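The following exchange sets values against the definitions behind them. Please consult the sequence and the structure when reading it.

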Amino acid sequence: MIWLASLTVLLPFLAAFAGMLLGPGLTRLLGGRPGSPRNGPALIACVPIAVSLVFAAIVAFTVWRDPGQRNGELATIDTGSVPIHVGLQVDGLAAVVALMVCCVALAVQVYSVAYMREDGRYSSYAAFISMFTAAMLLVVYSGDLIVLYAGWEVMGICSYFLIGHHWEDRGNSRAAVKAFLVTRLGDVGFLIGILVLGVGANTFSIRGVLAEAGGLPHSTVTAAALLLLAGVAGKSAQFPLHTWLPDAMAGPTPISALIHAATMVAAGVYVVARLYGVFVLSSAALTVLGVVAVVSMVGSALAALAQDDLKRVLAYSTISQLGVMAAGLAVGADTAAIFHLLTHGAFKALLFLSAGCVIVVAGSNMLAHYGGLRRGMPVTFWSMTVGLAALVGVPPFSGWFSKDSVIEAAQHSALHGGESPIRPAPAGWFPAPFALPEVKSFPQLIRPPACANDVTAACLSRPDEARATMTASLGHAEFRTFRVDLPAGVAWLVYLGLLLTVALTAAYATRAWLMTFFGEPRGTYEIREAPRAMSWTVAVLAVPATILGFFGLGAEELRPHVGSALLGLLLAVLGAGAAFLVWNRDPAADPARALGRARPVFARAFYVDEVYAALVVRPFLALARGVVTFDSRRVDGAVVGAGRGARRLGGLLRVPQNGNPQTYLTGLLAGVVVIVAGVVIFR
Amino acid sequence: MIFLLMMALPLLGALAMLVPADRFLRTDSSVRVFGTAVSGATLLVAVSALTAFDFDAPSSAGMQLEIDRSWAPAIGLRFHLGVDGISLPLVALTALLTFLCFLYTLRHPPAGGRIRLLTALLLVLEIGLVGTFVALDLVLFFVFFEVVLIPMYAVIILWGGPARQAAAYKFILYTLLGSGLLLAGMLLVAVNAGTLDMTELAARHGAGVSHGVQIAAFALMGLGFAVKAPMWPLHTWLPDAHTEAPTVGSVLLAGVLLKMGTYGLVRVALPLAPHGAQVWAPWLGLLAVIGIVYGALACLAQRDLKRMIAYSSVGHMGFVLLGIATLTPVGINAALFGNIAHGLITSLLFFLAGAVKERWGTADLDALGGGLLGTSPRLASILTFASVASLGLPGLAGFWGEMLALLGAYRPHADLPRETFVTFMGVAALGAVLTAAYFLRMLAKLTHGPPSGVSAAPGPAVSTQEYAAWVPLIALTLLVGLWPKTLLDVTTGPVHALFGGG
């Protein structure tokens with residue numbers, strides 16, 4: 001099984017090299033030309049990821065049938081200190097997320113064949129997507145933190161290449177650099193966090209770290225968790241490291257789908273879930289996570305309200321939705337957060353790819369250039385409607401289920417003074433003999449290994465009891481309370497932030513929907529459906545975006561609750577209604593005008609970029625110029641000065657040695673006189 | 001014996017260049033082929049040394065492939081050569097880079113002619129480099145250490161750029177100053193300990209040499225090696241020398257010469273004066289970290305491609321020095337790994353900078369303009385690869401040295417102040433962000449954007465010889481980066497032995 005998982009990672013990795021080096025050659029070999037079905041790079045890109053998808057599905061199915069953790073180790077690298085275990089660790093969480101990654105990556109690759117048909121650099125583009133997918137799969141399956149970090153960073157550089165795919169435009173180039181540097185800033189914290197954890201636990205293996213985390217000093221765990229959060233904030237585009245993501249829209253649209261749905265941004269949330277056993281030990285880290293989540297989700301939802309560009313609306317909505325997941329993690333609802341991660345992956349990929357269809361047809365990203373598109377492109381219209389409905393949380397689309405479970409958990413936390421909600425025993429984490437036939441529901445499968453050590457140890461040492469607990473949990477009779485120490489104020493903040501986000505999400509989604517598909521056409525282009533490889537992919541993706549939510553029904557904690565569901569729905573209707581009423585007054589104008597003087601502030605996302613430019617970028621550039629001057633004037637000046645000094649000293653000493661015999665004789669005579677005088681006087 | 005052969009081959013080759021041109025190898029191209037053949041044969045010997053080396057031997061076995069003859073018995077001088085896991089990778093790197101330089105010269109000789117002299121000088125340089133890495137006697141080590149200087153000085157002053165004279169003077173005077181201090185330090189230890197044999201001195205772990213002498217000796221030797229490494233603020237000879245030197249000179253200078261400094265610290269200074277090392281380590285760490293950040297900032301505002309790569313060496317060698325300063329096995333491993341990684345990647349970068357300069361006649365970023373990915377896609381792609389490797393991407397060679405140095409700094413030797421080193425770690429990690437910043441700035445400036453500047457006129461395609469020189473470096477960067485075990489397994493054993501462990 002580990003072999004299958006390794007192959008899942010390796011195939012896209014090898015495909016990346018093969019596509020880069022051999023892709024165009026294969027096209028010639030097959031006698032095709034770019035754009036035809038016999039397209040070498042496209043084949044090298046799509047076939048391996050399709051095979052990977054099959055493997056990932058088999059892996060997920062195996063874990064489903066037979067829950068438990070599987071580990072495989074290829075080698076141990078002795079570093080002279082803490083060793084690195086190159087190996088994979090597959091459990092329910094990893095298997096499900098990997099399956100989602102493969103699905104989205106395949107959809108993106110197939111879609112790109114059509115979307116990038118005219119592009120001369122398609123082969124490198126497809127190769128980087130393959131590399132990106134491989135890196136993400138490595139993050140998901142990795143059993144060692146250093147290996148995970150390798151995948152994590154490779155993803156970053158691939159995103160740099162992909163965002164900057166159209167590098168002829170300086171703007172794209174800047175966006176790519178910004179994306180890499182901002183995430184790299186977070187990654188430095190992440191790496192140090194890994195080192196802190198690894199040195200503390202004396203191992204980098206995730207299993208070992210989770211097992212040792214309980215025994216580490218509290219300060220170590222808190223420091224490590226906070227440092228890891230820096231990396232998470234960078235990758236998952238959370239405040240204050242979120243600024244790269246809206247700019248990353250400079251990349252081709254399928255890349256936006258890949259980066260903002262399945263891979264890079266999901267990695268941050270995934271890692272928190274993977275190392276949840278570390279995070280729950282530190283209430284400080286959870287508090288920071290909660291506050292960051294609230295700032296991110298509310299702030300970016302407000303920013304999304306005022307964007308002119310369809311892709312930027314979606315980008316800010318991604319930050320906002322990732323904030324929702326982070327909020328779930330902060331209040332102890334890790335299953336709900338991962339559930340939202342999966343549904344978000346489905347519907348956000350759908351949204352970006354259908355946005356790509358709209359952009360291809362309209363030839364513009366601007367909402368102001370759309371209008372009335374529902375008549376000419378029904379497939380795109382209905383797909384996007386499904387995606388937006390899922391984003392807003394309209395029942396029974398997938399987003400409703402997952403968002404509701406997060407809200408429910410936050411509500412519980414707020415009402416119970418920061419205590420986390422019900423947590424059934426982690427069934428998906430038990431070895432085979434304890435697996436019951438009922439263990440097939442979704443949450444058991446994705447349940448991360450977050451059980452506190454002592455509890456797990458107790459569970460494992462007393463299988464009977466474990467079985468009893470688990471059976472009870474499946475029967476919804478008894479739940480263990482897992483204490484997550486979140487200050488009550490923060491819990492309330494998270495809860496209210498989530499409710500506010502629901503209303504705002506409904507408002508901006510409705511605005512984008514109405515401006516794109518309704519009213520009179522505002523463009524001069526012909527409204528028709530996008531090429532089939534694109535519209536069909538979009539239609540297929542609409543299916544999981546619709547039904548994925550029902551998979552959560554198997555678990556108590558993911559089931560919709562009447563109270564929070566009604567409240568959420570009411571707020572969504574309020575938000576959507578407000579957007580509709582404003583739009584209805586003048587369908588040709590942008591409803592964002594209702595924001596009045598706040599509009600430019602939201603549109604510039606509270607001027608965070610400007611603040612960074614003034615406080616970080618410019619001072620550093622000035623410092624760099626200062627260093628260059630200092631280096632040549634002072635440091636090197638001292639060296640050259642020393643050389644000159646030596647030469648001048650030599651010049652002084654040279655004066656008597658000028659080769660003139662008269663001088664020498666004079667000196668000699670003077671010397672004799674002085675000596676004689678001395679002898680005469682002092683004797 | 002194998003190392004004797006490895007030095008005899010280039011020596012014979014260099015001597016053959018003394019034969020007048022009308023008797024032997026009349027044309028320039030035949031001289032170039034001759035040089036390539038000699039260095040290729042040397043590389044083969046190096047490869048056979050790799051195969052002859054017993055990688056499974058216990059680290060307590062010490063040196064392998066030794067040769068130990070009496071040389072000047074009156075003062076106890078011995079001709080003692082040998083390798084272990086610490087020096088073997090560097091020997092192989094030297095042979096490889098010299099060969100690649102000759103291969104590159106086949107088609108792209110530096111402007112200035114006199115190819116016979118260049119061939120002879122490069123071969124003598126190789127002798128000095130290999131000798132430094134295999135010498136096990138202090139005086140012998142010093143002799144080889146100095147042999148390297150003169151040919152490099154000549155290469156810079158004869159084939160260099162417009163400001164070559166000042167650069168060459170600065171190079172030789174600065175490094176000779178360092179060498180003087182080094183000699184004083186080494187003799188201080190040797191006289192006190194009563195032997196010149198490095199293996200024996202290392203085995204004593206500083207016993208028999210008083211604390212004060214060790215402190216003084218480490219300071220002297222450390223300064224000597226720090227000039228070579230180079231350590232901030234003793235680095236200013238380096239940007240000038242690198243910028244003015246011809247491509248092959250820069251490649252060997254960055255690829256191997258700098259390593260003599262850090263290798264010397266690990267091989268000579270640390271084992272000979274361990275107590276001195278403990279006293280000076282925090283200062284070494286401090287200067288290393290300053291070097292990392294300072295080098296990165298200096299790169300950020302550089303306008304010249306070659307100069308930027310030169311300053312990037314200050315930053316990268318800062319990580320190597322930080323690893324050494326931690327005085328832990330993992331830190332020394334980091335230093336040795338960083339040495340090799342920097343040798344591979346920065347050599348490639350200098351080759352590329354040379355190719356750019358050869359094509360468009362300048363390395364000034366503003367004059368070169370942008371859009372290189374469009375006008376010369378292959379050259380620009382390889383440049384991108386090398387930059388990404390240099391900024392420390394995991395999966396490529398540059399990462400592991402940096403990561404292990406940070407790991408070492410997080411938990412330094414028990415006798416060192418931990419808080420200080422944890423601060424160093426944080427600052428060094430931020431330096432890594434700045435490293436990414438200047439490389440991406442350079443790439444954006446040079447490879448992105450619409451075609452402009454002098455590089456808008458497409459240069460000649462990448463030649464076979466260029467590929468031949470670059471592809472091995474790319475392949476090794478990938479190999480060592482994807483599978484760091486290849487290198488770490490070689491070095492870990494002897495590094496533990498260095499600290500007296502098994």
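The questions below concern one helix, one interface and the confidence of the model.

Q: What makes the local features of this model reportable?
A: The model is predicted; local features need pLDDT of at least 70, side-chain atom pairs count only at pLDDT 80 or more, and totals for chains, interfaces and linings use all residues. Residues are numbered from 1 along each chain as its sequence is written, and chains are lettered from A and ligands numbered from 1 in the order in which they are written.

Q: How do you know that the span of helix α25 of chain A agrees with its number of residues?
A: Helices (H or I, at least four residues) and strands (E, at least two) are DSSP runs, numbered from the N terminus. The expected span is 1.5 Å times one less than the number of residues. For the 47 residues 608-654 this gives 69 Å, and the end C-alpha atoms are 65 Å apart, so the two agree.

Q: Which residues of α25(A) are called buried?
A: A residue is buried if 20 or more other C-beta atoms, placed from the backbone, lie within 10 Å of its own. Ala624(A), Val627(A) and Asp631(A) are the buried residues of α25(A). Their cover includes α12 (274-300) of chain B.

Q: How many residues of chain A are in contact with chain B?
A: Contact requires C-beta atoms, placed from the backbone, within 7 Å. By this criterion 37 residues of chain A are in contact with 41 of chain B. The largest share of the chain A side, 13 residues, comes from α6(A).

Q: What is the mean pLDDT of chain A?
A: On the predictor's confidence scale from 0 to 100, the mean is 83, and 90% of the residues of chain A reach 70 or more.

Methods:
A residue is buried if 20 or more other C-beta atoms lie within 10 Å of its own, exposed if 12 or fewer, and partly exposed in between; C-beta atoms are placed from the backbone. Two residues are in contact if their C-beta atoms, placed from the backbone, lie within 7 Å.
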